[in-house]
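Student: Hi! Could you walk me through a structure I haven't seen before?
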Amino acid sequence: MISLETKVKELNKVGLSTYSKLKRLGIETVYDLIFYYPFRYEDFSKITPIKNLEIDSLATVVGQIELISSRRSFRKRKVLIEAMVTDDTGSIKVIWFNQPWIAKSLKPGDKVSLSGKVSGDLINVYLNSPEYEKVGKSPTHTARIVPIYPLTHGLSQKQLRFLIKSVISLANHVADYLPAPIVKKQSLLSLNRAVKNIHFPENKNDIDGARKRLAFDELFVIQLWSKILRKQLNERKSYRIVFFENETKEFVANLPFTLTDDQRKAAWEIIIDMKNGLPMNRLVEGDVGSGKTIVAAIAAYNIALNKKQSAFLSPTEILARQHFETFNSLLGSLLNIGLLTGSQRIINGENVSKSEFLEKCKKGEIDIIIGTHALIQKSVEFDQLALVVVDEQHRFGVSQREEIKQKSHKIAHFLSLTATPIPRSLALTVYGDLDLSIVRQMPLGRKKIITKVVPPEKRIAAYDFINRQIKAGRQVFVVCPLIDPSDKLGAKSVTEEFAKLDKQVFPDLAIGLLHGKMKPMEKEKAMSDFVRGQTKMLVSTSVIEVGVDVKNASVIMIEGAERFGLAQLHQFRGRVGRNNYQSYCFLFSDSNDLKTMERLNVMSECSDGFELAKRDLKYRGAGQIYGYEQSGLASLKIATLDDFVLAKSASSAAEDFIDNYKLEDFPKLGEKLESMSFSSHLE
Ligand code: ADP
Ligand code: MG
């Protein structure tokens, strides 16, 4: 007996190879299969008489097979199946490439329905590789609105559709986790009906109704989760942080630059949050280079003035070091600032032993502790940890963020910084009650980075240009993609590129190399040589993607640019243009695929990270988008960026639920909440 829990590998027609492909799509059980949604539909529901077929249209034909034969195509490589199909109004040729089994499954005399593209010219019209099935039982692949699924290599629409169809009746056994009053109030379809209709709709109405129900569920569950957590959080106490207004003003006045209005506003929001003693849970979101660090520094300064400690968690040693230096130069004369990474322990510019560091940290003698994952270790203890800042939050898993927060005796105020461009409306949709500060303005005087996609024949010219920039005193980043999948840290590709640039292209230049396989000290040295201008060019993997700040760099060239998403390219690009020099971003690609080129060219027109993320969404799903993995957005399978109205009703429904019901009375909903993995930010 097949049930919802049955593993798909036990289904008829699922062999090992199909199983591994399904697994790649996250499908392990019948339940997963039923909840694997199509991303679009092909409307083949209208049957066209053969004589009315129009070239270049998509159409469905129902007729009888007169002839069918297979042969090798003229280049002998492909098997070509040709058939003649007739209905009451005429006949048409049908062609399939490389699907030899069709000749075995269809015979003259069979009544078939075919859906696909009408190709050819006035003389020779044919149906080009249509979906086909015998007429009789209810159609799955033709003569209806046909679902189109996201696939993986080696799995066909037909296979997946067949599998889903074979288990779809089990949708009746799916228990509805949404409380009945909500279903009723929002006039939603039942869950069983919705999942059936999302796969095999009879008409457009079915699709709309199913989408609405399933998208509502996603938004409702996420929002309910975040509201519940928020409520729990508010029941606990954090430190009450007094705002030291004069000191803060003086600090800001002494900065080498003027804060942007957005920075001021973000800092103010944080100060207000921390003042009332409820745990702050705020995301500071700002494009690369918008100056988020200083916002966090203002918060940390106030914490220190309150005689409490802050921890600042960075994703890489390089960044931790850089932040340490920034904090030192800003606050070093006023506070005790420490750096703790796998290889370094520094307090106020002096190297100390690990035990000394830990001791001082525990006694509260270090005000601001900056570090990498090393900060999370058990041995690191604090006296009064009142603020945790996580930089580039998408680089940390939920549990890591959680562990560092646990080091506080109360509940620490929590601030995360991100350049992941999640539009405000969407962030609110997804995170519900998370507080958000957006630093959108760029500091004054920044120039737009000139971005060009460089075709192979212009490469030499680009090198010449780079040479001139270096002669003028600037520096250059080179980013290489991971070419070889076994080469996870990019050591190989980047080393090859380095050798080429160092020996052949720029033999006179001092060039540095940076990749994930190097030891921390080596990385540190490569980075500091570059920062100090001793190397003029730094060839690196994507390790430089986050945060690194080298003001003198004016060019970044990115090899194999097509391998990166737009949002990630934007992150790379943010490594330059951090000063008033005109800066440049060159995207190299050997691809001659039009779509790819079109996508890369978006980079030259658009310099807004938010806009780029939106465009990226057009080319890739939310789960694919750089930085979204940890954001919870990846768990949206069907709700989209535009579902504002639905998000609103989901939000008020969640509110309603919290006010009027107890979660314990709805165990199915409770299970659903627990099973969600988006719990990333708020917990
Ligand atoms: P990100 O938001 O990407 O983390 P950073 O905090 O590293 O950006 O800031 C980028 C650079 O801009 C740093 O060198 C910083 O000193 C500088 N900066 C920050 N705020 C301003 C400002 N208001 N005016 C000018 N420069 C600023
Ligand atoms: Mg940063």
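Tutor: Happy to; we can talk about the ligand and its surroundings. This is a predicted model, where local features need pLDDT of at least 70, side-chain atom pairs count only at pLDDT 80 or more, and totals for chains, interfaces and linings use all residues. Residues are numbered from 1 along each chain as its sequence is written, chains are lettered from A and ligands numbered from 1 in the order in which they are written, and side-chain values use heavy atoms, leaving out hydrogens and water.

Student: Which residues come nearest to ligand 1?
Tutor: Of the 17 around ligand 1, they are T258, G289, T293, D549 and K551 (near: a heavy atom within 4 Å).

Student: Where does ligand 1 lie relative to the domains?
Tutor: Ligand 1 lies between domain 4 (245–439) and domain 5 (450–606), because both give residues to its shell; the bounds come from an automatic or database domain assignment.

Student: Which atom of ligand 1 is 2.5 Å from an N or O atom in the side chain of K551?
Tutor: An oxygen atom. Another entry is T293, with a side-chain N or O atom 2.6 Å from an oxygen atom of ligand 1. For the side chain of Q263, a nitrogen atom of ligand 1 is 2.9 Å from an N or O atom.

Note on methods: Polar contact = N/O pair within 3.5 Å; in protein donor to acceptor, adjacent residues only side chain to side chain.
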